[in-house]
Amino acid sequence: MKAHVRWLDGMAFESESGSGHRLTVDGPPDLGGQGRGPRPMELMLQGLGTCSAVDVVYILERGRHAVTGCEVDIEATRAETPPKVFTAIHLHFRISGHALKDAAVERAVKLSAEKYCSASIMLAKACTVTHSHEVVAAPGTGDGLSP
């Protein structure tokens with residue numbers, strides 16, 4: 001896996017993934033950033049949430065569960081002084097589907113957290129990473145949930 005980062009100006013950089021996708025990343029305002037893109041630590045949280053969400057959806061779909069949506073809210077606490085590392089991260093999953101069982105979602109989240117999500121497992125070596133979930137009705141249905 002590779003990536004390339006090139007300074008644009010100020011505190012803005014162009015980051016290119018090994019698969020050829022480009023993204024502008026900007027530093028925080030106190031360092032001269034101008035809001036031209038996400039900050040590096042924000043990208044870490046986005047990567048974590050996406051990595052885990054991919055696992056959860058994949059696990060549920062392989063189990064033949066009718067998943068119709070997946071959202072993850074990630075909140076992190078950082079140290080007050082440099083290096084301002086993450087001290088705690090919490091991921092909350094909202095999964096929707098037809099007749100989707102809470103136990104299946106709980107299992108998928110747990111498998112991602114403990115076995116499959118490289119980002120979550122790696123960050124858990126440096127800080128506390130916790131997970132929670134909820135099952136919500138599939139869009140356009142009045143129910144869709146099973147206990």
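What share of the contacts in the chain with a separation of 6 or more comes from residues 24 or more positions apart? The share is 53%, where contact means heavy atoms within 4.5 Å. The structure is a predicted model, in which local features need pLDDT of at least 70 and side-chain atom pairs count only at pLDDT 80 or more, while totals for chains, interfaces and linings use all residues. Residues are numbered from 1 along each chain as its sequence is written, and side-chain values use heavy atoms, with hydrogens and water left out.

**Overall layout**

The chain contains 3 helices and 8 strands, and its elements follow the order β-β-β-α-β-β-β-α-α-β-β from the N terminus on. Helices (H or I, at least four residues) and strands (E, at least two) are DSSP runs, numbered from the N terminus. The C-alpha trace spans about 50 × 30 × 30 Å along its principal axes. Of the 147 residues in the chain, 29% are buried; buried means under 20% relative accessible area, exposed over 50%, and partly exposed in between, with a 1.4 Å probe and protein chains only.

**Two open sheets**

Strands of a sheet pair through backbone hydrogen bonds, either parallel or antiparallel. Here two strands pair if DSSP finds at least two bridges between them. Angles run from 0 to 180 degrees between N-to-C directions, and axes are lines fitted to C-alpha atoms, for helices over the stretch in contact. The table lists the two sheets.

| Strand order | Pairing | Average turn between neighbouring strands, direction ignored |
|---|---|---|
| β1-β2-β3 | antiparallel | 25° |
| β4-β5-β7 | mixed | 15° |

In the sheet β1-β2-β3, the edges are β1 (3-9) and β3 (22-26), each with a single partner strand, so one side of each has no neighbour in the sheet. β1 and β2 run antiparallel and are joined by 6 bridges. Trp 7 stands opposite Phe 13 in β2. Glu 14 also lies in strand β2 (residues 12-17). Glu 14 counts as buried because its relative accessibility is 18%. Apart from neighbours within four places in sequence, Glu 14 has contacts that include His 4, Arg 6 and Arg 22.

In the sheet β4-β5-β7, β4 (66-78) and β7 (128-137) are the edge strands, each with a single partner strand, so one side of each is left without a neighbour in the sheet. β5 (residues 86-98) and β7 run parallel, joined by 10 bridges. Val 129 in β7 is the bridge partner of Ile 89. Strand β5 also holds Ser 96, which counts as buried because its relative accessibility is 7%. Ser 96 is 38 residues from Glu 134 in sequence, and their C-alpha atoms are 8.6 Å apart in space.

**Helices on the sheet**

Two helices pack on the sheet β4-β5-β7. Helix α1 (residues 40-62) touches β4 and β5, and its direction makes about 35° with that of β5. Helix α2 (residues 102-116) touches β5 and β7, with its direction at about 155° to that of β7.

Two packed helices are described by the angle between their axes and the distance between the axes. For α1 and α2 the angle is about 130° and the axes are 9 Å apart. The two helices are therefore oblique to each other: angles under 35 degrees count as roughly parallel, over 145 as roughly antiparallel, 65 to 115 as roughly perpendicular and the rest as oblique. Residues in this contact include Ser 52 and Val 56 of α1, and Ala 104 and Tyr 116 of α2.
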